[in-house]
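Please walk me through this model in the viewer, one selection at a time. I want to know what to pick next and what is there.

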There are 2 protein chains.
Amino acid sequence: APHLQNFFAYVDSHQEEFIDRLRKAVEIPSVSGDAAYRNEVFRMGEFMATELKKLGASVQKRDVGTQVLNGQTIQLPPIILSTYGTDPTKKTVLVYGHYDVQPALKEDGWNTEPFKLVEDAQHRLNGRGSTDDKGPILGWLNVIEAHQYLGVDLPVNLKMCFEGMEESGSEGLDELIIAEAKGYFADVDVVCISDNYWLGTKKPCLTYGLRGINYFLLEVKGPSRDLHSGVFGGTVHEPMTDLTLLLSKLVTPNGEILIPGISDDVAVVTASESSTYNTLDFEIGELEEAVGSKTLIHDTAKEALMHRWRYPSLSLHGIEGAFYAPGEKTVVPAKVIGKFSIRSVPDMDPERITELVTHYVKAEFAKLGSKNTISIRCTHGAKPWVATPNHWNYVAAAKAVKYVFNVDPDYTREGGSIPVTLTFQDALGKNVLLLPMGRGDDGAHSINEKLDRSNYIEGIKLLGAYLHEIAAVQT
Amino acid sequence: APHLQNFFAYVDSHQEEFIDRLRKAVEIPSVSGDAAYRNEVFRMGEFMATELKKLGASVQKRDVGTQVLNGQTIQLPPIILSTYGTDPTKKTVLVYGHYDVQPALKEDGWNTEPFKLVEDAQHRLNGRGSTDDKGPILGWLNVIEAHQYLGVDLPVNLKMCFEGMEESGSEGLDELIIAEAKGYFADVDVVCISDNYWLGTKKPCLTYGLRGINYFLLEVKGPSRDLHSGVFGGTVHEPMTDLTLLLSKLVTPNGEILIPGISDDVAVVTASESSTYNTLDFEIGELEEAVGSKTLIHDTAKEALMHRWRYPSLSLHGIEGAFYAPGEKTVVPAKVIGKFSIRSVPDMDPERITELVTHYVKAEFAKLGSKNTISIRCTHGAKPWVATPNHWNYVAAAKAVKYVFNVDPDYTREGGSIPVTLTFQDALGKNVLLLPMGRGDDGAHSINEKLDRSNYIEGIKLLGAYLHEIAAVQT
Ligand SMILES: [Zn+2]
Ligand SMILES: [Zn+2]
Ligand SMILES: [Zn+2]
Ligand SMILES: [Zn+2]
């Protein structure tokens, strides 16, 4: 593949220009979760539009209305739809990414200014958004630019969808995707999202699954106002007592979910799935390091990753309405809301989960003999997602990995959810691939977020090689 | 008792002057819990000192140092020690009260300005501090004033101890009492505290018991930082799971404490104690009204009051470190601290309680098979208090009640604790009486706090009559 050799050589020799583009992007603090930064999110959207136009891509900035944030009604940043190439003889790849970032303040503990891109002695490019997700989205632009300078046509048509609200609920995105499924996105063949991470720090991966989530609020209500435990303790059914008992019946200290029937729909581990775990670049010690303690439930990386990726889990997040501050307060809370969620996996169904949980919690409450009242509802349900990793989209990506890194990729899943993945799959009916650029230790939402120089540069090669392999693969 | 008849007539005909004194006091917003109001607490201390000096009492303002509040180091308000009469042939009565108040803002829902004394159509004197505790402390001053105008000597020596930090932990008070037990307080014969309430709204009471308290913090620690439940759910022992399980093993929905041995030291109900419950001015409906719901554990007032006053109770107050805000957050809290307390009764001992709780919680945790670590400590222990209501202090008070109200008082206890009660009893070795002025529905710490005009006026008579009965009673 002589084209690719030239492309790789170009990328290697123009590293500083690509890093400069990332530097400019990181310097725009496009924090979507804080109304005070909303102008910066718009500025970042404008930056993307301008860069795309300079490259000759067509650009639409879609206005998706307003939101209420920090008590004010403010404009949502535009979703940028961009097309590069419309050759009907080529395949069309839709790529998605986001140009907004998580909040960051130097005083949170950053070693460097968060909104300056600073390369350190280990060649890490430090800065908010470097890996999540400005490095990856600029990766696509760098691929286009390199091909233009080399006078080589992109082997596929590229459609790009870049949003500015990913870190804050992707407001307006699902509606747009669904509305444009038969419109702007009609000719899309496959989807590629570069917004996650390698499992470890050494080996690239393709990610083919995400867990779903059912988030529950369990409310127990008794007195009409908070009471003093001295005056009323011993005379009333206390909502905290009931709630604590109910929460204690949901999951064991070993993570076993106690809701009858909940695991009935969990897909059986096949031999071929099981074998993918054997070659993963991951040691149990890395997980211990990530949690910062020796409190893992499982002894082997395989077991731990299976429980992160392909088995359900239930976590108790907290209680609203009870005393939460430091110190002592002798309150009997009148109304408390327990918060917990279940991470779901194929073939669990969000509605069935809600049904099982509701039935069980009500039955357990009935056993308590309390005069308080409960209500439970699922406030948010998202299906698990899993793609078939032998689809040609994955086959092409695996070839690209092999070509750039000279290694077969890990096949990974993630424990969390990236809701847009499922929206693309369901609304467009096309295969979706998660193709990460950064490493597992990039610290996407933490202090000192970074993207290694090599991950950025080899990542640009990977994205370009992927497009070539897509063009070449037999479908 | 012609002296008392004249005294009562004087009180009746000088109601407006006494209410005026209370009005001036209420207009000083002596909120001890907020540094911004500290000057007002000092102003209120000065008001008390000035009024006492005008009446010819000797006054010491005791400086008890500084505290840190709202991040600033500020001066504690003075404890006012005042003596009226030093005749060695008379008995000496120590009275205690507090001149600070709870916070109050009109926008909390008050019908009137909280720091204005407003009499409504039902002759309720509305205002923060009216019943807690400015009405009662001014009651003593009104008694002195009335006797002076009538040219009648007080039949006892009065020592007064008025503090300005009761609503905020009584800082410095215990130390002062202990230090002055053989000094300023050496000649005290009995103690009278007017800082609680009738059980209901119609019948006066003498209060002879308070529950103690052991407050516990139970910490469960796992990961070194909060985790994302998507990424880590299912792989680590979650501290919230362990904590919830432990808290669920402490008490049943019916209020039964599950800690083995905890009830062994609870005093047996004697026939004479049991009979005191039969004449109480209290209906179960009043308790339902107070909690604002039909969620009481017991069906009769007697059972309910016994569980408020003379049986222990355990309340779960809340959890520090978990998610507590409205909305959804998919956090796995790394370190959580459960807060609960046990209200104790004679003859339970705080140290024994801590021992039993600690042992039980550790044993239950060991059963969980979790790799997390726990620690439990009792941060605050106060003994229960009970006085012998056939002491001459109580006999005198009962006679005074009968004289003023023409009814035998209820003998009540309270579920909460007023720590100074026990300090006086233990440090001075004298009998302590709680002699309330206000009604059970005064709303001491709520919005629309009030003191009924009749309770204030008859209360002044009661405090005066009590001093006369103290002087007359055979000891
Ligand atoms: Zn992202
Ligand atoms: Zn992110
Ligand atoms: Zn008080
Ligand atoms: Zn109070």
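Select Glu288(B) and Lys294(B): in this predicted model, the two form a salt bridge, with 3.3 Å between the closest N and O atoms. Glu288(B) is partly exposed, because its relative accessible area is 23%. Lys294(B) has 64% relative accessibility and therefore counts as exposed. For a network, switch to chain A and pick Arg439(A), Asp441(A), Asp442(A), Lys450(A) and Asp452(A), which are joined by salt bridges that share partners.

Next, select Glu273(B) and Arg413(B). Their side chains meet in a salt bridge at 3.4 Å, N to O. The pair links distant parts of the chain, 140 residues apart: Glu273(B) belongs to helix α8 (residues 271-276) of chain B and Arg413(B) to strand β18 (residues 410-414) of chain B. Glu273(B) has a relative accessible area of 12%, so it is buried. Arg413(B) is buried too, with a relative accessible area of 7%.

Go to chain A and select Arg62(A) with Glu180(A), where the side chains form a salt bridge of 2.8 Å, N to O. Here again distant parts of the chain are linked: Arg62(A) sits in strand β1 (residues 58-62) of chain A, and Glu180(A), 118 residues apart from it, in helix α5 (residues 173-180) of chain A. Arg62(A) is partly exposed because its relative accessible area is 22%, whereas Glu180(A), at 16%, is buried. Over all chains, a search of the whole structure finds 52 salt bridges.

Now display both chains. How many salt bridges does the rule find across the interface of chain A and chain B? Zero. The contact takes 77 residues from chain A and 77 residues from chain B. About 5,900 Å² is buried between the two chains, and carbon and sulfur atoms give 54% of that area.

Select ligand 3, a zinc ion. Its protein donors lie 1.9 to 2.7 Å away and are His98(B) through NE2, Asp132(B) through OD, and Asp195(B), which is listed twice through OD. Angles among the four donor atoms run from 52 to 146°, and the site is irregular. Along the chain, the donors follow the spacing H-x33-D-x62-D. Add the zinc ion (ligand 4) to the selection: Asp132(B) bridges it and ligand 3, and the two ions lie 3.2 Å apart. His98(B) is in strand β5 (residues 92-98) of chain B and Asp195(B) is in the loop between β9 (190-193) and β10 (205-210), so this pair ties together parts 97 residues apart in sequence. Both His98(B) and Asp195(B) are buried.

Select residues 350-368 of chain B, which make up helix α11. This helix has 19 residues and spans 27 Å from first C-alpha to last, close to the expected 27 Å. Its buried residues include Ile353(B), Leu356(B), Tyr360(B) and Phe365(B). Show β11 (212-221), α7 (239-248), β15 (335-344) and β16 (373-382) of chain B to see what the buried residues of α11(B) pack against. Just after the helix, Gly369(B) has a positive phi of about 65°.

Finish at Ala57(B), in the loop between α3 (38-54) and β1 (58-62) of chain B. Is Ala57(B) buried or exposed? Its relative accessibility is 7%, so Ala57(B) counts as buried. Outside its neighbours within four places in sequence, Ala57(B) contacts Leu52(B), Ser82(B), Thr83(B) and Tyr84(B). From Ala57(B) to Tyr84(B), the C-alpha to C-alpha distance is 4.7 Å, although they are 27 residues apart in sequence.

How values were computed. Residues numbered from 1 in each chain as written. Chains lettered and ligands numbered in written order. Predicted model: local features only at pLDDT ≥ 70, side-chain atom pairs only at ≥ 80, totals over all residues. Heavy atoms only, no water. Donors = N, O, S within 2.8 Å, 3.2 Å for Na, K, Ca; no water. Tetrahedral: all angles 85-135°; square planar, octahedral: opposite > 155°, others 65-115°. Helix = DSSP H or I, 4+ residues; strand = E, 2+ residues; numbered from the N terminus. Buried < 20%, exposed > 50% of the residue type's maximum accessible area, 1.4 Å probe, protein only. Expected span 1.5 Å × (residues − 1). Contact = heavy atoms within 4.5 Å. Buried area = accessible area lost by both parts, 1.4 Å probe. Salt bridge = Lys/Arg side-chain N within 4 Å of Asp/Glu carboxyl O.
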